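Thanks for asking for a second pair of eyes on this one. Have a look at the sequence and the structure first, and then see how my notes compare with your own impressions.

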Amino acid sequence: MLQQTQVQTVIPYYQRFMQQFPTVQSLAEANEDNLMKAWEGLGYYSRARNLQKAARQIVTDYHGKWPQTTLGLQELSGIGPYTAGAIASIAFNQPTAAVDGNAFRVFARLLEIDDDIAKPQTRKVFENVINHLISQERPGDFNQAIMDLGASFMTATNYDTDQSPVKAFNQSYLDGIEDHFPVKTKKKRPVPIDYFGLVIQSKKGYLLEQRPATGVLSHFWMFPLFNKQSLTDGKQLTEPKLIQQLESQLLSDFQLPIHLRKISGKPVNHTFTHQKWHITMLTGQLNANCDLSYFPGNWVQATNFTNVTFSKVQSKMWIAYQDSLISEA
DNA sequence: GATGCGTGGCC
DNA sequence: TGGCCAAGCAT
C-alpha cells in the first residue's frame, strides 16, 4: 500500500484491510470483488491484484513460509527492490538497503550525490552506499529512520534541515547547496484526451462498460467513454455534429436508438500521471422496446452501485450526472 | 530503459 | 490552475 502513497493516506485502508484479510491464507482465498472494494480509492490497483498473487504464491509455492532474502522476496508478485529490502531488513533483520524516494533524497543531500534519481540505474549507486553504512545490528530501524527523516525534516519541498538531527552530517547543507539535491529530471506533462461520457438508463438500470484488461483503470466498470478523436477519425467537427456521429455509431454498432444531449453543468476533468481526461457528459432516453443485448456491457441499477468498485473518475461522472438532475429539476 | 499506472495534498 | 510529489513495480 505504501508504494507511491503516503502513510497518512494508507493508514485507514491498512486497518480495514488487515481486519478483513488478517492472514496470507485469507488474502489468497479472497473474492476479487471484495479485494478491489477494499482497495477502492487507493489507486494503482494492480498493487491489489499483485498482493493477492503474492499471497497465493506464498501459500502454494512456499507452503506458507515467506522467503527471507531480498532476491527470494523479489520472486513474489508486486515486490521489487525497495519492498524486498524493506521486508528483509524490518521483518527478517537482514542488513540490506531499502531504497525508496526518501532514501534517494536523504543520501543525495547528505553526500551530495548528483546522479539523476529519475534513472533506474541510479538505484544501484545508492544501494551500494547504504549497504556500506547500514547498521548490522538494527538494519530495520536504520532503514525506517532514513525514511522518517525523508518524511519529516528532509521532505522534497519546504524541508527544515536546520532542525534536522543529522544536519551536522549533511554536506550539501553545510555547503549551502542543499537545494541542488537530489538531481531529478522532470516528467512529461499528462497528455490531454477528450471523451464523451454516456449516462444511459433503461428499466434494467444504467449502462456500464468494463474497461479492457490492460491500460488505465483496467477491469473497472464505468459509464461508456468515447474518444472524440477516434470518433471523428481526425476530422474537425462541431460538437453537435460529433454528437450526431456518436448517435449513428451507437445505432449501427450496438442497435441502440437514442437521442443524446449534454447534461447541465461543467465537464468532468480527471488527471492521471500520464493522461488528462476531459469528459463531456451526455445522456438520453432509449426507446422502451429496443433490444439492450447488443452493447458489450451491463445494465446496473443505481441501488447496486455500492457493489461495484468505482474509480475516482467514475465517481465524478456519477456525481456530475446526479447534480445535473437536481439543477434541471 | 522508458513508459504506464491513481489519488490526494500542497503551493 | 498546473506542476510536483508521495514507503515503486511490471512490462
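Here are my numbered points, going from confidence to the two DNA strands and then to strand pairing.

1. Confidence. Please keep in mind that this is a predicted model. For chain A the mean pLDDT is 94, and 100% of the residues reach 70 or more. Among the elements of the chain, helix H4 (residues 46-60) has the highest mean pLDDT, at 98, while helix H11 (residues 228-232) has the lowest, at 88. As a general caution, predicted coordinates should not be read in detail where pLDDT is low.

2. The annotated span. UniProt, in an unreviewed entry, lists residues 1-152 under "domain: HhH-GPD". In the model, this span is 61% helix and 0% strand, and its end C-alpha atoms lie 20 Å apart.

3. Who surrounds DNA strand C? There are 25 residues around DNA strand C, and the ones that come nearest are Leu2, Gly78, Asp100, Asn102 and Arg105. Of the atoms of DNA strand C that come within 4 Å of the protein, 69% are accounted for by sugar and phosphate. By residue class, the surface near DNA strand C divides into 8 nonpolar, 10 polar and 7 charged residues.

4. Side-chain contacts to DNA strand C. Three pairs are worth displaying on your screen. Asp100, already listed among the nearest residues, has a polar side-chain atom 2.6 Å from a sugar or linking oxygen of DNA strand C. The side chain of Gln6 places an N or O atom 3.3 Å from a sugar or linking oxygen of DNA strand C. Lys276 is paired with a phosphate oxygen of DNA strand C instead, with a polar side-chain atom at 3.1 Å. As for secondary structure, the elements giving two or more residues to this surface are helix H6 (81-90), helix H7 (101-111) and helix H9 (139-151).

5. The surroundings of DNA strand B. Here 21 residues surround DNA strand B, the closest being Lys188, Gly215, Val216, Leu217 and Lys312. Sugar or phosphate makes up 62% of the atoms of DNA strand B within 4 Å of the protein, and the rest belong to bases. The surface near DNA strand B divides into 6 nonpolar, 13 polar and 2 charged residues.

6. Side-chain contacts to DNA strand B. Which part of DNA strand B does the side chain of Thr273 approach? An N or O atom of the Thr273 side chain is 2.9 Å from a base nitrogen. The side chains of two further residues point us to the backbone: Lys188 has an N or O atom 2.7 Å from a phosphate oxygen of DNA strand B, and Tyr45 has a polar side-chain atom 2.8 Å from a phosphate oxygen of DNA strand B.

7. Strand S1 and its partners. Strand S1 (residues 191-202) pairs with strand S7 (residues 275-286) in the parallel sense over 11 bridges. Within this pairing, Pro192 stands opposite Lys276 in S7; Lys276 is also the residue whose side chain comes 3.1 Å from a phosphate oxygen of DNA strand C. S1 pairs in the antiparallel sense with strand S4 (residues 225-227) over 3 bridges, where Phe196 stands opposite Phe226.

8. The hairpin. S1 also pairs in the antiparallel sense with strand S2 (residues 205-210), over 2 bridges. Gln201 has Tyr206 in S2 as its bridge partner, and a hairpin through 2 residues joins S1 to S2. When you colour side chains here, remember that in a regular strand they alternate between the two faces of the sheet.

Terms used: Residues numbered from 1 in each chain as written. Chains lettered and ligands numbered in written order. Predicted model: local features only at pLDDT ≥ 70, side-chain atom pairs only at ≥ 80, totals over all residues. Heavy atoms only, no water. Near = heavy atom within 4 Å. Polar contact = N/O pair within 3.5 Å; in protein donor to acceptor, adjacent residues only side chain to side chain. Helix = DSSP H or I, 4+ residues; strand = E, 2+ residues; numbered from the N terminus. Nonpolar A, V, L, I, M, F, W, Y, C, P; charged D, E, K, R; others polar. Pairing = 2+ DSSP bridges. UniProt positions renumbered as here; feature names shortened; annotations may be inferred. pLDDT = per-residue confidence, 0-100.
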